[in-house]
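Welcome to a set of short exercises on reading a protein model. Have the structure open beside you, try each task yourself, and then follow the solution step by step.

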Amino acid sequence: MTEFWLISAPGEKTCQQTWDKLMTATTRTNNLSTNNKFNIPDLKVGTLDVLVGLSDELAKLDAFVESVVKKVAQYMADVLEDSRDKVQENLLANGVDLVTYVTRFQWDMAKYPIKQSLKNISEIISKAISQIDNDLKARALAYNNLKGNLQNLERKNAGSLLTRSLADIVKKEDFVLDSEYLITMLVVVPKTNYTDWQRTYETLAEMVVPRSTNLLFEDHESGLFSVTLFRKAIDDFRLKARENKFTVRDFQYNEEEMKADKEEMTRLSTDKKKQFGPLVRWLKVNFSEAFIAWIHIKALRVFVESVLRYGLPVNFQAMLLQPNKKNMKKLREVLYDLYKHLDSSAAAIIDQSAMDIPGLNLSQQEYYPYVYYKIDCNLLDFK
């Protein structure tokens, strides 16, 4: 279970009492959740007006940063195409797995100095994450183009004999080259029609060279045969071949072109390998940056919301709950009983699963008498 509930409640006589009460209600007797204190430093409060404005801005910033975190994680999975099981071990925050980072959260004083105003801290985060988002778009575009071009070439060199590139199949000695009168043509013949081909190819046009056919290559459906004929019989030959279910491939032996194709394939393959390592390193570093920023935004939101709800002086305990999956509904009820006195207007707890009214979107109105934000560390959407 990688879902966390980040909540806060006002300090009783001390914040420790608030913590003890929660522990008694949720873990001592009924194992509803695993809890950790969530340490938020003494941030600068500022004015009420600023806090109200900031509350909205942080909600938008939270959604934006979460989307970037998910994009980086998903792109990591795309880049590590063949080893998706390795994705999780590359998605770390500050060198540790995400659950460990969240449960042992420590504010990063160097990145986000708490002497700065809350607005400044949120702007530092916003700027850094926008930069990561833009960089990701540019890097992904470059790498995807490279990968796409390589895949197109690989596709050309695979598939059925009717469509695939023949450059790596045929050799110079398979052809009559530089002849004014003769030409070698390549014909795809279904395996079931080999006997027909051998019996009829010399009679498909008037000027086919006798005994000039050779089987050059086979896949599981058909074979590629060469046949030599006079140039003036090409059209006739094509037509009769088609009537007999033999397919003449458009192919002219050109050493330069074939060499260029092979070199292009090698170049793209080398470029992709070269870019892979640095790209994965960039994704690791910036995933960590973005995830850390995201959890700091959650901390800012809890701080701002707690001050707005519970008033000054600042006195609240932030707590991180990891719900036991089977008991989520029960945990909501216990928390409601514990904190309903904080806000009489939250008298009716909104339980989305119970209130399934068509057309009513309650996810925007998830409101509880305590401050609550969800953190979901399951960031990958494996199709």
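**Exercise 1. A polar contact**

Task: In this predicted model, find which side chain makes a polar contact with the side chain of E218, and describe where E218 sits.

Solution:
- Step 1. Look at the end of the E218 side chain: it makes a polar contact with the side chain of Y194, at 2.8 Å.
- Step 2. Place the residue in the fold: E218 belongs to strand β4.
- Step 3. Check how covered it is. Buried means under 20% relative accessible area and exposed means over 50%. E218 has a relative accessible area of 40%, so it is partly exposed.
- Step 4. List its neighbours. Not counting residues up to four places away in sequence, E218 touches K191, Y194 and G223.
- Step 5. Now look far away: the C-alpha atoms of E218 and Y112 are separated by 65 Å, and these two residues are 106 residues apart along the chain.

**Exercise 2. Strand partners**

Task: Work out which strands pair with β3, and whether they run parallel or antiparallel to it.

Solution:
- Step 1. Locate β3, which covers residues 182–190.
- Step 2. Find one partner: β3 is joined to strand β5 (residues 222–230) by nine bridges, and the two run antiparallel. Within this pairing, M185 has V227 as its bridge partner.
- Step 3. Find another partner: three bridges pair β3 with strand β6 (residues 247–249), again in the antiparallel sense. Here L186 stands opposite R249.
- Step 4. Ask how covered the strand is. Seven of the nine residues of β3 are buried, and the strand is mostly covered.
- Step 5. Keep one rule in mind as you look along the strand: in a regular strand the side chains alternate between the two faces of the sheet.

**Exercise 3. Salt bridges across the sequence**

Task: Explain why the salt bridge between D62 and R301 links parts that are 239 residues apart in sequence.

Solution:
- Step 1. Start with the total: the whole structure has 21 salt bridges.
- Step 2. Pick out the pair. D62 and R301 form a salt bridge in which the closest N and O atoms are 2.6 Å apart.
- Step 3. Place each partner. D62 is in helix α2 and R301 is in helix α8, so their salt bridge ties together parts that are 239 residues apart in sequence.
- Step 4. Check the cover: D62 and R301 are both buried.
- Step 5. Try another pair. E81 forms a salt bridge with K147, with the closest N and O atoms 4.0 Å apart. E81 lies in the loop between α2 and α3 and K147 in helix α5, so this pair ties together parts that are 66 residues apart in sequence.
- Step 6. Look at the cover of this pair as well. E81 is partly exposed because its relative accessibility is 31%, whereas K147 is buried, with a relative accessible area of 16%.

**Exercise 4. A salt bridge with unlike cover**

Task: Decide whether R164 and D168, the partners of a salt bridge, are each buried, partly exposed or exposed.

Solution:
- Step 1. Identify the bridge: the closest N and O atoms of R164 and D168 are 3.3 Å apart.
- Step 2. R164 has 10% relative accessibility, so it counts as buried.
- Step 3. D168 has 43% relative accessibility, so it counts as partly exposed.
- Step 4. Salt bridges can also share partners: in this way E57, K119 and E123 are joined into one network.

**Exercise 5. Unusual backbone**

Task: Find where the peptide bond from L312 to P313 lies, and which residues other than glycine, among them N31, have a positive phi.

Solution:
- Step 1. Recall the background: most residues other than glycine have a negative phi, and most peptide bonds are trans.
- Step 2. The bond from L312 to P313 is cis, with omega near -5°. P313 is placed in the loop between α8 and β7.
- Step 3. N31 has a phi near 50°, a positive value. N31 lies in the loop between α1 and β2, and at 49% relative accessibility it counts as partly exposed.
- Step 4. R211 also has a positive phi, of about 50°. R211 is in the loop between α6 and β4, and it counts as exposed because its relative accessibility is 76%.

Definitions and conventions
Residues numbered from 1 in each chain as written. Predicted model: local features only at pLDDT ≥ 70, side-chain atom pairs only at ≥ 80, totals over all residues. Heavy atoms only, no water. Helix = DSSP H or I, 4+ residues; strand = E, 2+ residues; numbered from the N terminus. Buried < 20%, exposed > 50% of the residue type's maximum accessible area, 1.4 Å probe, protein only. Contact = heavy atoms within 4.5 Å. Polar contact = N/O pair within 3.5 Å; in protein donor to acceptor, adjacent residues only side chain to side chain. Pairing = 2+ DSSP bridges. Salt bridge = Lys/Arg side-chain N within 4 Å of Asp/Glu carboxyl O.
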